[in-house]
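Me: Please go through this structure with me, setting each value against the definition behind it.

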Amino acid sequence: MSIDYQSKIPNNVNLNDDKKLQRALEAWLPNYQAWWNEMGPEGFQNDDVYLRTAISVDKDGWAHFDYVKMPEYRWGIFLTPTESNKKIHFGDHMGEDVWQQVPGDYRNALKRIIVTQGDTEPASVEQQRLLGKCCPSLYDLRNLFQVNVEEGRHLWAMVYLLHAYFGKDGREEAEALLERRSGNADSPRILNTFNEPIEDWLSFFCFTTFTDRDGKYQLRSLSESAFEPLARTTNFMLTEEAHHMFVGQTGIQRIIQKTAEMTKNGEDPRKLGLIPLEIIQRYVNFWYSCSLDLFGGEDSSNSATFFGAGLKGRDREESYQEHTALDQYYALPTPVGDTLKTEEIPLRRAMNEVLRDAYVNDCDKVVRSWNRTLEEIGSDFRLTLPNKRFHRTQGIYAGLLFNPQGDMISQAEYEAKKDQWLPSAADKVYVKSLMDKAYTKAGEFAPWIAAPSRGIEGQPVDFEYVRFCRG
Ligand SMILES: [Fe+2]
Ligand SMILES: [Fe+2]
């Protein structure tokens, strides 16, 4: 499974042996580069960034670190190795061989899944394109760019599948992935959370904690897929995704640490140019609830179809005893009038909710790690995750009003308390006011964030992670 770096498009899928596919992808490449130059990180395209590039798909040592100008990053196509005799391990086709080609019956469903996943990758690059201008340090700037180039590579991963397995309409979808724009009124990205602007680093760290983590669970469910090329593609994407979530979790942790340390004796964080913990909680509430929406409806016939067909499994499907999910039920609190009534829905129809539950558990661990930081510093403040029903715009709770504890409330109560629960206009103005300049001297950090405990790939914290090459 060695990676061919001599080709125009680095790959471990023997692209050289499939000239038609190679030509199609090489024709897409300049369009991708044009998109990157237009919509990638603004103002840093000529600089040398200390980035990792995938050089193998082995568990250890898959990445090489060096200075790269982002437009010259070697985006490529990497799949984890195939297992011979692999069988479908859940749903109606259990025990049959996995598919190396797309079955006609599931062609549209699979294409939709791949396009929807693919669309999120360039979207996040677009959402984050101005953040470099207010970076809190070179270390953070480098991490932002690492996330951005890898989201670009994830787009390549999905485009490979579209080109290789979906013929002409796959190629058309691949073009459309470069045409939609995050937040554009006429041609927005497919999922709403990916049209929300990310204009400050508190939002960026929340996004990489909560929204990239949604990505992790979507990819995990696809890595169970009976369509083996999709499973192998998403498996390698997950390897890269771990760093994105690390950036988010440690970013928030460092902000919390700074605020808690500097306000130990009751100082006013605003007077010190710090981010109050209450504001962090409101940003957490916002980005967590937006990310919950991405899992789709709680009671979903699509999710039943996808599971039954073997397109999407549960998180770590092998950890379940039973893999048909038939004659089993999920207890779903369902709004009836102004109360909630628990309804038993067939488990297959609840697969979005099952995946959302795995995600909630994972997020809960992250919040507990942040609270350990607060505890160690001696702060009484604790961050919490709001209930799954809070601030939802998709699914059975959309359009209804819940408090962060998950109780249904009146419009009047919601209006009165909303600014305590979600970022207010004043919060956004304040957070942005702290981020009006870039901290770009090696080892220097913005006043509102602590330095990380260690650097990247064994380098010191004050390493020159980005070298500016302004002419
Ligand atoms: Fe991604
Ligand atoms: Fe990511």
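Reply: Two strands pair if DSSP finds at least two bridges between them, and strands (E, at least two residues) and helices (H or I, at least four) are DSSP runs numbered from the N terminus. The model is predicted, with local features needing pLDDT of at least 70 and side-chain atom pairs counting only at pLDDT 80 or more, while totals for chains, interfaces and linings use all residues. Residues are numbered from 1 along each chain as its sequence is written, and chains are lettered from A and ligands numbered from 1 in the order in which they are written.

Me: What makes E1 and E5 a pair?

Reply: Two bridges join strand E1 (residues 48-54) to E5, and pairing asks for at least two, so the criterion is met; the two strands run antiparallel, and Val 49 has Val 466 in E5 as its bridge partner.

Me: Why is one side of E2 and of E5 left without a neighbour in the sheet?

Reply: The open, antiparallel sheet has the order E2-E1-E5, and strands E2 (63-69) and E5 (466-467) stand at its edges with a single partner strand each, so one side of each has no neighbour there.

Me: What makes the chain as compact as a globular protein of its length?

Reply: The globule rule, 2.2 Å times the number of residues to the power 0.38, is set against a radius of gyration taken over C-alpha atoms; for 471 residues the rule gives 23 Å and the chain has 23 Å, so it is as compact as a globular protein of that length.

Me: How is H2 known to be mostly covered?

Reply: Of the 21 residues in H2, 15 are buried, that is, they have 20 or more other C-beta atoms, placed from the backbone, within 10 Å of their own (12 or fewer would be exposed, and in between partly exposed).
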